[in-house]
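Colleague: I have this model open and want to learn how to read it. Please take me through it feature by feature.

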Amino acid sequence: MTVCGAGFIGVNVYNNWVEKQRLQAEVSLSTNAGQAEAFELEQQNDRHLDSLAAKVTALHSVSININDEVNSQNRLLDTTADTFNRFGNMFGRTRRQLKHTLATANSRFLCYMVFVLVFGVIGLYYIAKHVLSGMREPYELP
């Protein structure tokens with residue numbers, strides 16, 4: 001019975017050892033699978049980081065272009081404001097000179113000035129209407 005009992009104990013020890021090896025192999029496999037999954041996730045994170053870096057670079061270049069455009073528009077607005085200021089000053093001087101001329105001039109001079117202005121406007125209208133419109137080729141209807 002001892003031999004049989006020792007054999008039975010030996011088989012149990014062997015079975016326990018085999019079961020332990022199988023569990024270690026499963027743990028090893030699951031650890032390898034976990035490492036492979038972690039490696040895949042790390043690669044996926046790297047791809048996402050590269051994509052994000054490209055988008056940040058594109059956004060940076062767009063913001064630089066917007067800044068350049070804003071500066072250009074500001075320069076244009078400053079130039080336009082300066083032009084309108086010069087025009088306003090010139091218009092003010094002309095108004096003052098006309099006011100001074102009207103205050104000091106006699107009625108005959110004013111009559112001549114109105115006559116010249118009226119016929120000047122009529123002459124410009126005639127030139128614009130007949131001379132300039134004759135330069136264009138007439139459109140033909142099909």
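Modeller: Start with one residue: Val-114 is partly exposed, at 49% relative accessibility. Buried means under 20% relative accessible area, exposed means over 50%, and partly exposed lies in between (1.4 Å probe, protein chains only). Before we go on, note that this is a predicted model, where local features need pLDDT of at least 70, side-chain atom pairs count only at pLDDT 80 or more, and totals for chains, interfaces and linings use all residues. Residues are numbered from 1 along each chain as its sequence is written, and side-chain values use heavy atoms, with hydrogens and water left out.

Colleague: Which helix holds Val-114?

Modeller: Val-114 sits in helix α2, residues 107-135. The protein chain has 2 helices and 0 strands. Both are DSSP runs, numbered from the N terminus (helices: H or I, at least four residues; strands: E, at least two).

Colleague: Which residues form the nonpolar patch on the surface?

Modeller: Val-114, Phe-115, Val-116, Val-118, Phe-119 and Ile-122. Together they have about 580 Å² of accessible area. A patch takes residues with over 30% relative accessible area and no salt bridge; like charges are joined within 9 Å, nonpolar side chains (Val, Leu, Ile, Met, Phe, Trp, Tyr) within 5 Å. Areas come from the Shrake-Rupley method with a 1.4 Å probe; for residues, only the protein chains shown count as cover.

Colleague: And for the chain overall, how much area is exposed?

Modeller: The protein chain exposes about 13300 Å², with 66% supplied by carbon and sulfur atoms. Buried residues are 1% of its 142 residues.

Colleague: How many aromatic pairs are there?

Modeller: A pair of aromatic rings is described by the distance of the centres and the angle of the planes. This structure has 2 such pairs. Phe-87 and Phe-91 are stacked, with centres 6.2 Å apart and planes at 20 degrees. Rings of Phe, Tyr and Trp (its six-membered ring) pair with centres within 6.5 Å; planes under 30 degrees apart are stacked, over 60 edge-to-face, the rest tilted. Phe-87 and Phe-91 are 4 residues apart in helix α1 (residues 2-104), so about one helical turn separates them. Phe-87 is partly exposed at 48%, and Phe-91 is exposed at 52%. Phe-115 and Phe-119 form an edge-to-face pair, 4.4 Å centre to centre with 65 degrees between the planes. They are 4 residues apart in helix α2, about one turn.

Colleague: What about charges?

Modeller: Side chains of opposite charge can pair when their charged atoms come close. The structure has 1 salt bridge (a side-chain nitrogen of Lys or Arg within 4 Å of a carboxyl oxygen of Asp or Glu). Glu-40 and Arg-47 form it, at 3.8 Å, N to O. Glu-40 is partly exposed at 40%; Arg-47 is partly exposed at 47%.

Colleague: Where does pLDDT stay under 50?

Modeller: Over residues 1-7, which have 0 contacts beyond four places in sequence (contact: heavy atoms within 4.5 Å). pLDDT is the predictor's confidence in each residue, from 0 to 100. The chain averages 80, and 76% of the residues score at least 70.
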